[in-house]
Amino acid sequence: MGILINKSENIFSLQSKNTSYVFGVDSEGLLRNLYWGSKIQDIEDFDMPILTEVSTNDPVYEITREEYPVYGSLRYKEHCLKVTFSDKSRELVYKYSGYDINDDELIIKLKDSYYDFNINLHYKVYEQYDLIERYVSIKNNSNDIIEIEKIHSGQFHIPYEGLNFSNVHGHWGAEQQRFIQKVNYGKIVIENRRGISTHNHNPYFILDKDATETTGEVFFGALKLSGNFSGIIEQTQYGETLVQMGINSHDFLMELKPKEEFVTPAIIAGYSNSGFEIMTHNLHNFAKDNILRKGLRPVLYNSWEATEFKVSCDEQIKLAEKAKEIGAELFVVDDGWFGERHGIDNGLGDWYVNRDKFPDGLDPLIKKVKDMDMMFGIWVEPEMVNPLSQLYKEHPEWIYHFETRESDTSRGQYVLNVTKKEVKEFIYNMLDNLLSTYDIDYIKWDANRPMSQTDIEKDIWYKHIEAIYDIVRELKIKHPNVLFEACASGGGRIDYGILGIFDDFWTSDNTDAYDRLFIQDSYSYIYPIKAMRAWVTDCPNFLSKRVIPMKFRYHSAMMGTLGVGCNILKFNEDEIKLSQELIKEYKEIRHIIQEGDFYRIENTSKNNYSIYQYNKDGESLLFVFLPQSLIGHRGTNIKLRGLENNSKYIIRINGEELIKSGDYLMNRGLEIKLSGDYASDIIKINKI
Ligand code: GLA
């Protein structure tokens, strides 16, 4: 059992395979964090230190490592919760009122000392993944409305100063760029204020004590939220670093009606005493086993970069035939198939098949795709509407807007107020109808602009994404076999909130195979490979204008779930043959890629190698890339990871076979040399 309790001392320990997270209630009734780190078996070793004020200017509330600081009293630090009661009092005073245990979930019950208001802190332990999950539920038991001004999902305490904080930054076409910064005095804030997730920062924290892939302490947590989030990291005046995450309180106010309860999004958190690799494995394994739909992901063909809005039934059929010929298993028609959608400024909202483009509807295309034994997918952008559309003419009141202001367009579109019952129903019915009428296996759900002018109610920023989650959850009940891809102008919707509901991420509109190596590397720290869609596209790349050999483009995309987005009708014989070979190879190894353990391998050479390893049940793959050979033109020594010391492995490299033991491969390593620019290889290693 992952939860230990010292009842006489009111101390709780969440025990996973290798870690402990310990907190308790002190004599003042404050809930205080005592420890987070490597496993300490005996809860009796912990006691509650007496807190004394450093001075009158350093009150106890400031010093104490509270599990869930609320607003009020002599607290000036970041609070997780602030509410206004009906008498306008804004101070919360909580008292511990006991605990409950439901399976592997511990619930700490707090109650306001005056108002009929409950705060429950929930902790789940995932023992074998070395992860805990935290969230909070609050309940208004009074007969008056309570206004929530801020509600974060939890606060973590790390007993060090001078940590490194890492996350990603970016923008459209340049998502997932990892950065690391030293934490010093003051606060670091990462957030999203756009409603529709973001290409900028991502809702997670990684704090490390000079860790590498395989050494050093790492504390991390990922928030299950796709909308407006905020994360605050602060090195305090008292020798520790705290971090909290949750719903962004920017332009936020939520009413809790009498007897109503609100549950926050959860944070999945963990600790590693040996670097980032373990953090990645724990999160990936947790996602693979508990979040993601089972089964291998199909090789996809998507027509977007080939045709953009100029889709026609005949051409899509030709593309589907070619896609089949190279080995694709899923054919996806992207934007442009519906309404008067000839560019970005019309069609959104009018989800009927365009009869000029598809004179007999979608059936002839779908039949052709199915006859060839492929799956069929389609693009939608259900949260949006164009001003020129029929839907907007009929329902101008359905968009987010302020009555006295001109409504903002971005990419020529407005955002629908999906928190309105009738809008939510419209979207659900439209998709249900599409999925019931046609034999569709895959939905690519896009969202190409941020929200703005979000009406009078300030909880809409949050309620929007809840409504989207609800719609897809409902659709999946009725259409359980349909896979959903989360896209928002490329990789704008990558987070653990959407991952629990959708199945795939569109990682970025940047399909340049070299840029993708960086995007994929950063992505891999937190998110599972199986959900990382990656396409091979034409050169010169539309964004980078770079020309990269096809083999390198395939190898880069084969690191995730492979797709092809080229205009395959223009392929010459060599390109068709190479595509067939590489797609066939991908199908043979994808179980290792999508379901194995992923390793970022150190490059020891002065030459620019990028090296990644995947392991599954005695089978390993090494992906080696050399984008540009630098003067000296050196090879690299690759020390493999995760093999068995005493087992023998067969290595297939350059058409030759080597046999080496696990400890040799992990300690002495393999000497690999690639030559020229945009060289790449996939080396296969099997246990004998
Ligand atoms: C977004 C997506 C692309 C494509 C276009 C269609 O930009 O990220 O993949 O679907 O929309 O308009």
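Q: Which residues come nearest to the ligand in this predicted model?
A: D334, D335, K444, G490 and D509 come nearest, out of 13 residues around the ligand. A residue is placed around the ligand because one of its heavy atoms lies within 4 Å of it.

Q: What makes the pair between K444 and the ligand a polar contact?
A: An N or O atom in the K444 side chain is 2.8 Å from an oxygen atom of the ligand. The cut-off for such a pair is 3.5 Å, so this pair counts as a polar contact.

Q: How do you know that R411 and N448 also qualify?
A: For R411, a polar side-chain atom lies 3.1 Å from a ligand oxygen. For N448, the corresponding value is 3.3 Å. Both values are within 3.5 Å, so both pairs are polar contacts.

Q: How much of the ligand's accessible area does the protein cover?
A: On its own the ligand has 310 Å² of accessible area, and the protein covers 97% of this.

Q: What makes up the shell around the ligand?
A: The shell divides into 6 charged, 4 nonpolar and 3 polar residues. G490 counts as polar here because Gly is placed in that class.

Q: Why is the set that includes L81 called a nonpolar core?
A: Its 188 residues are buried nonpolar residues joined through side-chain atoms within 4.5 Å, so the set fits the term. L81, F117, F331 and W337 have the most contacts inside this largest core. Helix α8 (residues 460-478) gives the largest share, 10 residues.

Q: Which residues apart from its sequence neighbours does L81 contact?
A: Among them are Y68, V70, L92, F117, I119 and I148.

Methods: Residues numbered from 1 in each chain as written. Predicted model: local features only at pLDDT ≥ 70, side-chain atom pairs only at ≥ 80, totals over all residues. Heavy atoms only, no water. Polar contact = N/O pair within 3.5 Å; in protein donor to acceptor, adjacent residues only side chain to side chain. Areas by Shrake-Rupley, 256 points an atom, 1.4 Å probe, with all protein chains shown as cover. Buried < 20%, exposed > 50% of the residue type's maximum accessible area, 1.4 Å probe, protein only. Helix = DSSP H or I, 4+ residues; strand = E, 2+ residues; numbered from the N terminus. Contact = heavy atoms within 4.5 Å. Lists of a residue's contacts leave out its neighbours within four places in sequence.
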